[in-house]
Amino acid sequence: MITLTVTPEFYYACLWIALYPTFWNVIGRFEYYTRLLSKIFCGPRIAVFILAICIEALNLKRTAAIRATLNSYPKAEWLDNQYAYVVGVCFLTVGTTLVLSSYWRLGFYGTFLGDHFGILMEGGPVTSFPFSVTDNPMYWGGFLNYTGITICSGSPIGFALLIPLLIVYKITICLEEPFTAKLYSEKKEE
């Protein structure tokens, strides 16, 4: 049995797990209420593009922090084998399918909070696959991806990192869903 001691890398990864969705939600709400970014960047489309670059940069930082944590802990025999690796790849395949198909359905502006910038999708929120499987395919696909990364890395500390990831995603979903519904109900009222 492996005894795991919590390290600074673990806390650092947890910090990035929390900061990542907090950043885009704060910026998205700020833009919705002030339209300041659209004014600074001469319109909402360029502002969304700049936000997308920031979001992806933060995603790279979060992923690097998680990988550094996984690599800083010893591997577990029960995870460090070809069967576990295949299971991890299956998680990654399903997760990536959810994320990429979600991006395909939402498009660039739908994926990167265009609705907060006043760029709403025609016909309202998407309900076809992958949204017919889950209301939040990007979040659950991302969760499955990190589960797959944990299993493929052979490091059991990754399962401990999945707990704050799950909590942060659940909180984010609880905040985002009603706000998105509000945006589209406002559009219907116009």
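At the start of α4, a side-chain oxygen of Asn81 comes to within 3.0 Å of the backbone nitrogen of Tyr83, where a polar contact is a pair of N or O atoms within 3.5 Å, one able to donate a hydrogen and the other to accept it, with residues adjacent in sequence counting only if both atoms are side-chain atoms. I should say at once that this is a predicted model, in which local features need pLDDT of at least 70 and side-chain atom pairs count only at pLDDT 80 or more, while totals for chains, interfaces and linings use all residues. Residues are numbered from 1 along each chain as its sequence is written, and side-chain values use heavy atoms, with hydrogens and water left out.

Helix α4 itself covers residues 82-111, helices being DSSP runs of H or I with at least four residues, and strands runs of E with at least two, numbered from the N terminus. Its 30 residues place the end C-alpha atoms only 35 Å apart, short of the 44 Å of a straight helix, the expected span being 1.5 Å times one less than the number of residues. A kink of about 75° is centred on Arg105, the bend being the angle between axes fitted to the seven residues ending there and the seven starting there.

The buried residues of α4 (under 20% relative accessible area, 1.4 Å probe, protein chains only) include Gly88, Gly95 and Leu98, and the buried residues of this helix pack against α5, residues 137-153, a contact being heavy atoms within 4.5 Å. After α4 comes Leu113, with a positive phi near 65°.

As for the whole protein chain, there are 6 helices and 0 strands.

Conventions. Buried means under 20% relative accessible area, exposed over 50%, partly exposed in between (1.4 Å probe, protein chains only).
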